[in-house]
Amino acid sequence: GDLKNFINALPKAELHLHLEGSLEPEMMMKLATRNNIKLPYQSVDEIKDAYNFSNLQDFLDIYYQGMNVLQMEQDFYDLTFAYLEKIAKEGVVHVEVFYDPQGHTSRGVAFSTVTNGILRALDDGQEKLGVSSELIMSFLRHLSEEEAFATLEEAKPWFDGRIIGVGLDSSEMGHPPSKFERVFNAARDLDLKLVAHAGEEGPAEYVREAIELLMIDRLDHGNRTIEDADLTQELAKSGIAFTVCPLSNLKLCGVTDMKEHPLRKMMAAGLKVTVNSDDPAYFGGYMTANFMSVTEALELSKDDIAVLCRNSIEGSFLTDEEKTRHL
Ligand code: ADE
Ligand code: ZN
């Protein structure tokens, strides 16, 4: 309809997307066959039926299992290019995607296999689809500081502009940002951009740690920030971008109904909010679906939608000159 066309027509950036979370059931089946991997599912419908989560950990267990089908460089290429083809149709002009190298190296797939497959697809996405991109590698916070340091070391050949930043994801509760303060200091010394998931399930205090200890450039989720009025005011003033993921929050039961989603409150508090898809193959939709869902549930205006899209360009790691071209 009219609203969907309006959303699709606005230039926007996706700033919170885990490539492994864009693995659609159909591709999971195809890659399982291609790589001779036994899946615990017999059909696409059985896979979809398994996607019922009551919290983040429920999802992560299924997500880490799903990525087992990714084995060869071509698999990572196919995954990445399929994602880019989808979002190119939704008015996404730029993406800053995450991947979880430790989810692959821990099961014997080489860092270079994963990274080179992704980068080749990102290059083709620029050339063939006109979507610009950056790559951010995330540390799995349920693993140790030592393992994060080893991953940072292994990634060094790609810090010549191919991997532009580091993030922090996986099980939030019990793994506060402070656990990775020294790793993020080392990443900062390498001139990498810094982002972290915080305040998705964890308390506002974890957001404060991500800001003050990790000194992040952008905050992933951050929904629970508004439970702390002082912190909210500080972050409104600083202008740091929040990468909010509405359908993810609904599927992982951060909100019980989209009408309860804090996005509107966050915007009203002056936070620089963006809308993103997180793990679209698992949560029921890509960018446009996320925009549609919050727009309808929270009765957002077209002006609100335009602000959210503008925020995504402004909150990206593009240069000022590149941002101006998209605004
Ligand atoms: N890994 C993939 N998606 C995630 C999410 N929403 N939160 C934490 N870790 C993740
Ligand atoms: Zn995420």
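Helices and strands here are DSSP runs, numbered from the N terminus, with at least four residues for a helix and at least two for a strand. Keep in mind that this is a predicted model.

**Exercise 1. Place Asp 279 in the fold and say whether it is buried or exposed.**

Start with the address. Asp 279 sits in the loop that links β8 (272–275) to α14 (280–283).

Next, burial. A residue needs 20 or more other C-beta atoms within 10 Å of its own to be called buried. Asp 279 has 26 such neighbours, so it counts as buried.

Now look at who is around. Setting aside residues within four places in sequence, Asp 279 touches His 18, Gly 21, Tyr 63 and Ser 248.

Finally, check the record: the unreviewed UniProt entry lists Asp 279 under "binding site".

**Exercise 2. Work out which residues surround ligand 1, and how they split by class.**

Walk along the chain and collect the shell. The early part gives His 18, Gly 21, Leu 56 and Tyr 63, among others. Further on, the shell includes Asp 169, Ser 170, His 197 and Glu 200. Ser 248, Asp 278 and Asp 279 are also in the shell.

Then sort them. The shell has 2 nonpolar, 5 polar and 4 charged residues.

Tie this back to Exercise 1: His 18, Gly 21, Tyr 63 and Ser 248 are contacts of Asp 279, and these four also belong to the ligand shell.

**Exercise 3. UniProt lists His 16, His 18, His 197 and Asp 278 for "binding site" in an unreviewed entry. Find out how they are arranged in space, and what surrounds them.**

First, the spread. The four cover 263 residues of sequence, yet they cluster in space, with a largest C-alpha distance of 11.8 Å.

Take His 16. This residue is in the loop between β1 and α2 (25–34). With 31 C-beta neighbours inside 10 Å, it counts as buried. Beyond its sequence neighbours within four places, His 16 contacts Asp 220, Thr 243, Cys 245, Asn 276 and Asp 278.

Move on to His 197, which belongs to strand β5. His 197 is buried too, because it has 27 C-beta neighbours inside 10 Å. Its contacts, again leaving out residues within four places, are Leu 168, Asp 169, Glu 172, Asp 220 and His 221. Asp 220 therefore turns up for His 197 as well as for His 16.

Last comes Asp 278, in the loop between β8 and α14. Its count of 29 C-beta neighbours inside 10 Å makes it buried.

**Exercise 4. Compare the backbone at Asp 278 and Cys 253: what is the sign of phi?**

Recall the background: most residues other than glycine have a negative phi.

Now read the angles. Phi of Asp 278 is positive, near 65 degrees. Cys 253 also has a positive phi, near 65 degrees.

Then compare the surroundings. Cys 253 lies in the loop between α12 (246–251) and α13 (263–268). With 14 C-beta neighbours inside 10 Å, Cys 253 is partly exposed, whereas Asp 278 is buried.

**Exercise 5. Decide which side of helix α9 faces inward, and name what covers it.**

List the buried positions in α9 (residues 181–189): Val 183, Phe 184 and Ala 187. They span an arc of only 95 degrees around the axis, so they lie on the same side of α9.

What covers these buried residues? The cover includes β3 (132–140), α8 (145–154), β4 (163–169) and β5 (193–198).

One more detail on the way out: Asp 191 follows α9 and has a positive phi, near 65 degrees.

**Exercise 6. Trace the pairing of strand β2 and say how much of the strand is buried.**

Begin with burial: in β2 (residues 92–99), 8 of 8 residues are buried.

Look at one partner. β1 (residues 12–14) runs parallel to β2, joined by 3 bridges, and Ala 13 has His 94 as its bridge partner in β2.

Then the other pairing. β2 and β3 are parallel over 6 bridges, with Tyr 99 bridged to Met 137 in β3.

**Exercise 7. Is Thr 324 buried or exposed?**

Locate Thr 324 in helix α17 (residues 320–326). The cut-off for exposed is 12 or fewer neighbours. Thr 324 has 10 C-beta neighbours inside 10 Å, so it counts as exposed.

Technical notes:
Residues numbered from 1 in each chain as written. Chains lettered and ligands numbered in written order. Predicted model: local features only at pLDDT ≥ 70, side-chain atom pairs only at ≥ 80, totals over all residues. Near = placed C-beta within 6 Å. Nonpolar A, V, L, I, M, F, W, Y, C, P; charged D, E, K, R; others polar. UniProt positions renumbered as here; feature names shortened; annotations may be inferred. Contact = placed C-beta atoms within 7 Å. Arc of directions from axis to C-beta. Pairing = 2+ DSSP bridges.
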